[in-house]
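The exercises below are meant to be worked through with the sequence and the coordinates side by side. Each task is followed by a solution that goes step by step.

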Amino acid sequence: MGRLPRSLFGKLAFSLAFTLSTLVMGVGADAGVQWCESDPLFVVNGAILDVTTAFPASYTSTLKDPIAIELQVPTNAIAAVVSLPTNVPMTAKISRVLSSGGLLSLGVPVIVKVSYKASASFDTKTKVTGTYLGLSSTVYGKSNVTTQVKYTLIGL
């Protein structure tokens with residue numbers, strides 16, 4: 001037995017450092033919070049859109065009205081609500097109110113509006129993902145304030 005070869009020691013040190021940093025970074029501000037999540041599906045010109053909205057489960061009893069999700073699309077787009085699975089009351093609607101100025105094959109503008117009406121103020125999260133989404137990210141909001149997320153569906 002002797003000393004570890006330098007290359008093996010370097011690999012071991014890197015692996016330990018990487019593992020430790022991943023664990024430390026994985027502990028976020030949401031630790032300990034139980035989130036209530038719902039993800040209705042929409043279809044816009046053949047592309048599936050999954051809108052995931054979440055809020056702390058401890059605030060479920062403060063909801064006054066169903067969570068309202070509105071999907072705004074161009075007047076010439078074909079859109080529908082595919083499914084509305086949820087364990088809390090929720091509504092979803094399509095509004096054809098955006099300008100149809102342009103070819104839909106170059107990109108379809110989409111605006112997602114999520115509204116929580118509650119007797120308390122709490123944080124919300126909304127994430128939109130899809131089969132032809134140019135960008136997908138999580139947007140944070142507050143109850144009693146409409147969260148608005150703008151996207152462009154590309155490649156249709």
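**Exercise 1. Determine the exposure class of Asp123, and then describe the salt bridge that its side chain forms.**

Step 1. At 40% relative accessibility, Asp123 counts as partly exposed, where buried means under 20% relative accessible area, exposed over 50%, and partly exposed in between (1.4 Å probe, protein chains only). The model is a predicted one, in which local features need pLDDT of at least 70 and side-chain atom pairs count only at pLDDT 80 or more, whereas totals for chains, interfaces and linings use all residues. Residues are numbered from 1 along each chain as its sequence is written, and side-chain values use heavy atoms, with hydrogens and water left out.

Step 2. The side chain of Asp123 meets that of Lys142 in a salt bridge, at 2.8 Å from N to O; the criterion is a side-chain nitrogen of Lys or Arg within 4 Å of a carboxyl oxygen of Asp or Glu. Because Lys142 lies in strand 9 (residues 138–142) and Asp123 in strand 8, the pair ties together parts that are 19 residues apart in sequence. Strands (E, at least two residues) and helices (H or I, at least four) are DSSP runs numbered from the N terminus.

Step 3. Lys142 also counts as partly exposed, at 40% relative accessibility, and a search of the whole structure finds one salt bridge.

**Exercise 2. Establish which aromatic rings are linked into a cluster, and examine the pairs made by Phe55.**

Step 1. Four aromatic pairs are found in the whole structure, counting rings of Phe, Tyr and Trp (its six-membered ring) whose centres lie within 6.5 Å, with planes under 30 degrees apart taken as stacked, over 60 as edge-to-face and the rest as tilted.

Step 2. The ring centres of Phe55 and Tyr116 are 5.4 Å apart and their planes stand at 70°, so this pair is edge-to-face. Since Phe55 lies in strand 3 (residues 47–56) and Tyr116 in the loop between strand 7 (108–115) and strand 8, the pair ties together parts that are 61 residues apart in sequence.

Step 3. For Phe55 and Phe122, the centres are 5.6 Å apart and the planes at 40°, so the pair is tilted. Here strand 3 is tied to the loop between strand 7 and strand 8, which holds Phe122, and the two parts are 67 residues apart in sequence.

Step 4. Phe55 and Phe122 are both buried, and Tyr116 counts as buried at 2% relative accessibility. Ring pairs link Phe55, Tyr59, Tyr116 and Phe122 into a cluster.

**Exercise 3. Place Thr126 in its strand, and then describe how strand 7 is covered and paired.**

Step 1. Thr126 is found in strand 8 (residues 123–130) and, at 1% relative accessibility, counts as buried.

Step 2. Beyond its neighbours within four places in sequence, Thr126 is in contact (heavy atoms within 4.5 Å) with residues including Val51, Val114, Val139 and Val149.

Step 3. Strand 7 is mostly covered, six of its eight residues being buried. Two strands pair if DSSP finds at least two bridges between them; strand 7 pairs with strand 4 (residues 67–74) in the antiparallel sense over five bridges, and Ile69 stands opposite Val114 in strand 7.

Step 4. Seven bridges join strand 7 to strand 10 (residues 147–153), again antiparallel, with Ile111 opposite Lys150 in strand 10.
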